[in-house]
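This report introduces a single structure to a reader who has not met it before. Please look through the sequence and the model before reading on.

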Amino acid sequence: NFYGIVTTMRGRFVQEFEDQLTRDVKKEDLEAEKKTVASYQKFLLLASGMHKLGLVVKDVNSGRIGSLEIKLDVPSYQKDTLNGSSLILTRKITKVDDAGNDIGPFVLGDLKLVPDFDKRFSPQDPLLMYMQVYNMTIDQNRLEPDVRVEYIAELDGQPFYKYQDLKGETYQFVSGDRLVITGGLPLKKFA
């Protein structure tokens, strides 16, 4: 079971939530399953500014309880400025078959992605990125934004990989003034 509470930094209540996470496991797979990690996601609509998230997790079978408190810095978006969401790193991005009805965990629009929380990738791993960009001007002839996306990877503060996407291979115009970037970095090149 999960219980979470969001407050302002001064302790004023903002919102709370409670969820249950269950996993059906065959008896013969139980020992292997105990060694895996479960991922959990909860969408919260919060006003811009600093918040505190208190989270309590309880294993209903063993009775063990864990808790965590973290700060959430929700950015404010300016209407006349180009804005971007947080950058999410993942190993896999897949299309959702029924985007209108699939509101499961880790689904953002028509894509499903599970963030890599450790942010550790080996040369054999795909390194994919997800980000949304807002407030772009729409080209009235093409009815979509005129965009150039450039990826620069750095090591010890020095660029070691640059890629410019001029053809739209790593992004898609979604609607209104929102663009979704789903680029990747070929780690095998740097092994």
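Leaving aside its neighbours within four places in sequence, with which residues is Asp116 in contact? The section on Asp116 below takes up this point.

## Basis of the report

This is a predicted model, in which local features need pLDDT of at least 70 and side-chain atom pairs count only at pLDDT 80 or more, while totals for chains, interfaces and linings use all residues. Residues are numbered from 1 along each chain as its sequence is written, and side-chain values use heavy atoms, with hydrogens and water left out.

## The chain as a whole

The chain contains one helix and 16 strands. Helices (H or I, at least four residues) and strands (E, at least two) are DSSP runs, numbered from the N terminus. Taken along the principal axes, the box filled by the C-alpha atoms is roughly 60 × 45 × 40 Å.

Of the 191 residues, 24% count as buried. Buried means under 20% relative accessible area, exposed means over 50%, and partly exposed lies in between, with a 1.4 Å probe and protein chains only. The accessible surface is about 14100 Å², and carbon and sulfur atoms hold 50% of that area; such areas come from the Shrake-Rupley method with a 1.4 Å probe, and for residues only the protein chains shown count as cover.

Contact means heavy atoms within 4.5 Å. Among contacts between residues at least 6 apart in sequence, 55% join residues at least 24 apart. The chain carries 26 positive and 28 negative charges, and the mean positions of the two groups are 4 Å apart. Lys and Arg count as positive and Asp and Glu as negative, while His and the chain ends are not counted; the place of a charge is NZ of Lys, CZ of Arg, CG of Asp or CD of Glu.

## An open sheet of four strands

Strands of a sheet pair through backbone hydrogen bonds, either parallel or antiparallel. Here, two strands are said to pair if DSSP finds at least two bridges between them. One open sheet has four strands in the order β2-β1-β3-β4, with antiparallel pairing. Its edge strands, each pairing on one side only, are β2 (13-19) and β4 (65-74). On average, neighbouring strands of this sheet are turned by 15° against each other, direction ignored; the axes are lines fitted to C-alpha atoms, for helices over the stretch in contact, and angles run from 0 to 180 degrees between N-to-C directions.

Within the sheet, β1 (residues 2-8) and β3 (residues 49-58) run antiparallel and are joined by seven bridges. One bridge pairs Thr7 with Lys52 in β3. The loop between β3 and β4 holds Asp59, a partly exposed residue with a relative accessible area of 31%. Asp59 and Phe2 are 57 residues apart in sequence, yet their C-alpha atoms are 9.2 Å apart in space.

## Strands β6 to β8 and Asp116

Strand β8 (residues 111-115) pairs with β6 (residues 88-95) in the antiparallel sense over four bridges, and Leu111 in β8 stands opposite Lys95. Strand β7 (residues 107-108) also pairs with β8 in the antiparallel sense, over two bridges; Val107 has Lys112 in β8 as its bridge partner. Two residues lie between the strands of the β7 and β8 hairpin, where Gly109 takes a positive phi near 70°.

Asp116 is found in the loop between β8 and β9 (127-134). Because its relative accessibility is 13%, Asp116 counts as buried. Beyond its neighbours within four places in sequence, Asp116 is in contact with Leu89, Thr90, Arg91 and Phe121.

## Asn135 and the β12-β13 hairpin

Most residues other than glycine have a negative phi, and most peptide bonds are trans. Asn135, in the loop between β9 and β10 (138-139), has a positive phi near 70°. At 25% relative accessibility, Asn135 is partly exposed.

Seven bridges pair β12 (residues 149-155) with β13 (residues 158-165) in the antiparallel sense, and Glu150 stands opposite Gln164 in β13. The two strands form a hairpin with two residues between them, and Asp156 in the turn has a positive phi of about 55°.

Is Asp165 buried or exposed? Asp165, in strand β13, counts as buried because its relative accessibility is 0%. Not counting residues up to four places away in sequence, Asp165 touches Arg148, Val149, Thr170 and Tyr171. Lys167, in the loop between β13 and β14 (171-175), is exposed, with a relative accessible area of 72%. Lys167 and Arg148 are 19 residues apart in sequence and 8.3 Å apart from C-alpha to C-alpha.
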